[in-house]
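Okay, thanks for coming, everyone. I'll put the structure up and then walk you through a few spots worth a look.

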Amino acid sequence: MKIGYFPGCSLHATAREYAESLGVITGPLDVEINEIDDWACCGATSAHATNHLLGVALPARTLALAAEQGHEQILAPCAACYSRLAAARRAVDNDPATGAAVEKAIGRSVGTARPISLVRLLAELAPKVREKAKRPLEDIKVACYYGCLLVRPPELNDLDDVEAPTMMETVVKATGAKPVSWNRRLDCCGGGFSLSRTSSVVRLSRTILEDARGAGADVLVVACPMCHSNLDFRQKAIARRSEGGMDIPVIYLSQLVGLALGQDHVALGLGRHFVSTASFISRIPGPREGESAAATEVG
Amino acid sequence: MSIPESAAPATLAGEVRRKTGLNPATCYQCGKCSAGCPMAVETSLRPHDVLRMLQFDDREQLLSSESIWLCLTCETCTARCPNSCDPARIIDCLRETALNEGAAQPPRNIRAFHNAFLKQIQRSGRLFEMGLIMSYKMRSGALFADVMAAPGMLGRGKLALAPSRIQGLEEIRRIFDACTRHESDSTSTTTAQQNPGTEGAENA
Amino acid sequence: MNEATAARPSSEGEAFEPRIVAFVCNWCTYTGADLAGTSRIQMAPNVRIVRLPCTGRIDPLFVVKAFERGADGVIVSGCHPGDCHYTAGNYHARRRFAVFRETLSFLGIDLDRLTFSWVSASEGRKWSEIVNETTARVRELGPFTSYRDLVDEG
Amino acid sequence: MARIGVFVCHCGENIGRTVDCEAVANACGELPGVVHAVDYKYMCSDPGQNLIKEAIAEKNLTGVVVAACSPHMHEKTFRKATEGAGLNPYLCEMTNIREQCSWIHEDRDAATAKAIDLTRFISEKIKRNSPLAPISISLERRALVIGGGISGLQAALDMADGGREVVLVEKQPSIGGHMSRLSETFPTLDCSQCILTPRMVEVHQHPRIKLLTYSEIESVDGYIGNFSVKIRKKARGVDETRCNGCGECQSVCPMKKIPSEFDAGLGNRTAIYVPFPQAVPNIPVIDRENCLRIKGMQKKKAKAACGRCAEACGRDAIDFEQEDTFVTEKVGAIVVATGYQLYSIGKEQTRKGITGYGEYGYGTVPDVIDGMQFERIASASGPSGGEIVRPSDGKVPKRVVFLQCIGSREPSKGIEYCSKLCCMYVAKHTMLYRHKVHDGEAIVFYMDIRAGGKGYDEFVRRAIEEDGAKYIRGRVSSIQREGEKVRLTGFDTLSGEQMEIDADMVVLATAMQAQPGIESLAQKLSVSYDGHGFINEAHPKLRPVDTNTAGVFVAGACQAPRDIPDSVAMASATASKVLGMFSKERLEREPTVAGVDKVTCSGCFHCERACPYGAVERYEVLNRSGEVEKVIAEVNEGVCQGCGSCQVACPSKSIELEGFTDAQIFAAINAL
């Protein structure tokens, strides 16, 4: 399976480990991701929050590039990038006036490429993840965190439901780990206010982390660099305000899948998180010695 | 076709309807959007208050309000609105209108962030986090925020040291110009000095 | 040829306003049109409704005669399949007009001037949309003159 | 030569405001054949109708055209007036210049021109109308009622007391409908069973009511006065003649854990069961999906499984081999009273275009129930014997939150109408709860309280003022399980506060929807229904309990959300309509039927194939010596419904539908 790949700005810097882990799991899952040449930033919140057409035109250019470079589908691991690409696709398809204005602005036709979120892609590959899992993560309890832009607004949602999605849980079960049931899965973590209004981020992310801890999660799994930085990078500040501190490792879904596929945790970038993942990794059995990958039988 | 009074062209609601196709009069003030709004505790105008003021054309108070800038665009209100009024899209449009009419009064940090963010895209096509943080600090004056984090970021290889420029930078500039011009054609007032897109370009 | 139609305003002064005849069934579309009336849904004034008990009663020759007598567009509308007051009238109509379409185009009538639709008794708004869309489409196509020229020469 | 009178109505200002009625009258005055053309403010009024009568007399008119409202409104009125003046009523026709002209256009010139055109059409058509005499047809003076809820029961009783035979068909094993599941009823709080059970017994014992329970309508043929209805009596597995309702079979049945539909899934029942203690008839029915014996038989197993109920039955009434049987009933009128179903917040929906409530967990959050489930909990015959306890752990809830408008008034969920009575039963629920749990707290999230009936608002005020129900104006964004509690995130738009409430139980006032499968029943009766599956009444004010199909009437919540008092009143209204219809020996029917021209008919019988009613019969033309010369078609006037499909199918145009002959239609088109 060949697919276009739109990393987005943060996967080259603050979210490097997301890109690294993605890079090492696509091979075993027989997915070839080809980075779109000369992609630009999708504008995230700042573009559409201040100028509707800008918020659609920037991602539309990426759709056009992907189409020109022969990609029908574009994997957008970052939830915000996925949402903006989907918004551009929908605007061009459903609103001729905006479509015309966009094509005038980007100076080329948008083509027919469509974005797909990483959660959707991994859910579709879940049987393969289960089959290829070398290191089933039996007793690891995982809190799946979707946030907003993976599931809302409803018309851009590419998962199975807006209010009760299960695709992340499907992937987590495929790795052998056990998803816990908790309430804050779809709440907002504070998103783009990470720098400009950190107090809101701390308040919102705290309720999320406390709920995950209350549900007995060993690790919080996310699929969005903004959520990750708010829940991981800001966790120290949250720990000061939450009685009993806070020490839940926050990792990307691709890292969890990588672990299950037996990839080395350094290659997965598990060392790059602010909240140490050491204790969590130590509890994971190494790949079954001596058994070849094919023979591994997963419960 | 007679458009209901509350959304007549001359009113702000009429303008919102023309730009977004959404009719603020469909909101029957049930409060479900504000019930689910994560920023309701920090704002004076919650989503249903915004719709109410639109229905009664409180133009100045609405466009100059700080609340419309404290929206996380998390789309919870839009996902659960019984009448599909799409408050998120309406609030997006209000911010844009406020900027175009020079009435916008976002909190300094948030204006700084948006401007820094968009200027970064214009400069290199992609976000260069170090550049973003520097540019944000200059504009917001929050010089010491997260300073302690820098070593942690560097140590974990999370800070690219140089921006990665794209070839199609000219295209990006053209997109920004087209979108800003598109703004001035469609808004009643011509001046667009407040729009961050252009401001970023001035003192590149 | 009725004098009234001869003097129809086609002089340059006034813009072209199409004359459209609608053959509708009494139980669904006619009642739907009444509902649009009671709800005061405004629509283009170009359509003249001829009431028939059922679309099964609509003879394709009516359509041809309407064009011959100066109509620029024709609408045929009745109950949704399954809803017919006479159980099967609209099925007859569907089959007849599926076959008759080719003959109509063979007779020189541009099929874009024809609208077939199902409108139930509770779809007042849908009826107004069909009236407005057909009027706009036929206005764009311009007056249907080919039949009247034949009649004038004959 | 035709002598036509044209009468243009102003209808007050309904027409006069946008159509220049005088101009229409003058324009039609010049039409060939029109000898009298006037306009008048109110044609349907007494003086208006006299204008017609006087004109007919003075100018001995041969045709009357009334340009006014829709023929659906007053065609009968003006035809009666015409007949009153001695002119055949079918020589009077209407032009619709109100609903289809003045009300939908604002441009006065265009509307006036259109009104003139439309009136000219009918003036040309009327010249070709021929006088018709109404057809008299036989009338089977028996009625069929579909649905045994309170509406069906009331209609059946009224008609039976009016001296007519009634066949009552009920899909469930017992009559009683949703009302039998209610605890108390507003606004008087009298117990639902006390009002309903005597009614059910009365129906069961009424000499003129034939009760067919656990039965459904298979097919409906015929027309007003002469319906022939095929009814499927589903196999109960119990012989009704032998069973005396002792209940032994139920006590021995091993399948004890089947969720009871009557208790809305809160209680359990056995595989052979009587839905509720006061069921009428008090005869059990075997649930074919869960009975071990029948499942074994279906899988053709050699050894017969279970069968304990048969052994326990002292009267040998159990019959596993019982098959569905069919009964055909001849009736003259049908009353549709099939009731409603509640909207469910689940992900799977029974109706197209409706979505569930993901934000409330699609029904997976424990202790979040709907109004009917609360009624069952509060009901003495309910799973908890009337004690208010919550389903998850049976504890008495100390704080119950009621949410109004769940599904109703929500276009985003696919239902835009208000279900009218939830405001009333939620207030009732708060009272029932507070009367039984004195230290309990009842909170209601509402948008607008709609309590418009007699004594209704006072009832709601009593719930608030005396029984201490706390009403919060706002809605809840999400419902989630938080430990032992149900966490609601709501908003109070009056105080402007966002709030999180931890409740012990949540009751959702869900919307009233049409029954699933109503579309297929409506199509069998060829009755029209709206986008939500509610049956369309002929006219909301003029004929509210008729449908557009002659002889078929509608009562209760199957026509629109409706509470018990209105349903009973509407049921009695349908009964009076049917009894009125049955007051005559024979029925007079619209004479717009087809007729065959014996000379030109070649006997190809295309018309016979096109006729949905089989109204075309064979007529043998004999020569002088009595031999059959040729066989041609002939229309049975009684059976023909006047759809006209035959006319278009006839290659030689030998069959014509009176009132819509080719000559008439072409005349109208020629006047274009």
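So, P187(D) sits in the loop between β8 (184-185) and β9 (190-191) of chain D. The peptide bond running into that proline from F186(D) is cis, with omega near -10°. Keep in mind that this is a predicted model.

There's another cis bond over in chain A, joining R152(A) and P153(A), where omega is about -5°. You'll find P153(A) in the loop between β5 (141-144) and α8 (167-174) of chain A. And while we're on backbone oddities, go to D57(B): its phi is near 55°, which is positive although the residue isn't glycine. D57(B) is in a loop too, between α3 (47-55) and α4 (59-63) of chain B.

Back to chain D for the domains. The assignment splits chain D into domain 1 (4-126), domain 2 (141-177 + 195-233 + 324-336 + 515-588), domain 3 (248-312), domain 4 (340-513) and domain 5 (590-671). Taken over C-alpha atoms, the centres of domain 3 and domain 5 of chain D are 56 Å apart.

Now, who touches whom? Four pairs of chains touch, and the pair with the most contacts is A and B. On that interface, 56 residues of chain B contact 54 residues of chain A. Together they bury about 4900 Å², and carbon and sulfur atoms give 59% of that. On the chain B side, look for R126(B), R156(B) and K158(B): they supply 13% of the area chain B buries against chain A, more than any other three residues. The A–B interface also has seven salt bridges. One you can click on is E171(B) with R61(A), at 2.8 Å from N to O.

The contact between chains D and B takes 20 residues from D and 18 from B. Here the buried area is about 1400 Å², with 49% from carbon and sulfur atoms. In chain D, the residues losing the most area to chain B are S477(D), F491(D) and Q498(D), together 37% of what that side buries. How many salt bridges cross the D–B interface? Just one. The side chains of E359(D) and K32(B) meet in a salt bridge, 2.8 Å from N to O.

As for pairs without contact, chain C doesn't touch chain A, and their closest C-alpha atoms lie 18 Å apart. Chain C has no contact with chain B either, with 7 Å between their closest C-alpha atoms.

Zooming out, a search of the whole structure gives 78 salt bridges over all chains. Inside chain A, K132(A) pairs with D30(A), the closest N and O atoms being 3.6 Å apart. That one ties together distant parts of the chain, 102 residues apart: K132(A) is in helix α7 (residues 126-132), and D30(A) is in the loop between α1 (16-26) and β2 (32-35).

Last stop, a helix pair in chain A. Helix α3 (residues 52-68) and helix α4 (residues 79-94) pack at about 90°, with axes 8 Å apart, so α3(A) and α4(A) are roughly perpendicular to each other. From α3(A) the contact uses G55(A), V56(A), P59(A), A60(A), T62(A) and L63(A), and from α4(A) it uses R84(A), L85(A), A88(A), R89(A) and A91(A). Sorted by class, that's seven nonpolar, two polar and two charged residues.

That's my tour.

Definitions and conventions
Residues are numbered from 1 along each chain as its sequence is written. Chains are lettered from A and ligands numbered from 1 in the order in which they are written. This is a predicted model: local features need pLDDT of at least 70, side-chain atom pairs count only at pLDDT 80 or more; totals for chains, interfaces and linings use all residues. Side-chain values use heavy atoms; hydrogens and water are left out. Axes are lines fitted to C-alpha atoms, for helices over the stretch in contact, and angles run from 0 to 180 degrees between N-to-C directions. Helices (H or I, at least four residues) and strands (E, at least two) are DSSP runs, numbered from the N terminus. Angles under 35 degrees count as roughly parallel, over 145 as roughly antiparallel, 65 to 115 as roughly perpendicular and the rest as oblique. Contact means heavy atoms within 4.5 Å. Ala, Val, Leu, Ile, Met, Phe, Trp, Tyr, Cys and Pro count as nonpolar, Asp, Glu, Lys and Arg as charged, and the others, Gly among them, as polar. Domain bounds come from an automatic or database domain assignment. Buried area is the accessible area (1.4 Å probe) that two parts lose on being put together, summed over both. A salt bridge is a side-chain nitrogen of Lys or Arg within 4 Å of a carboxyl oxygen of Asp or Glu.
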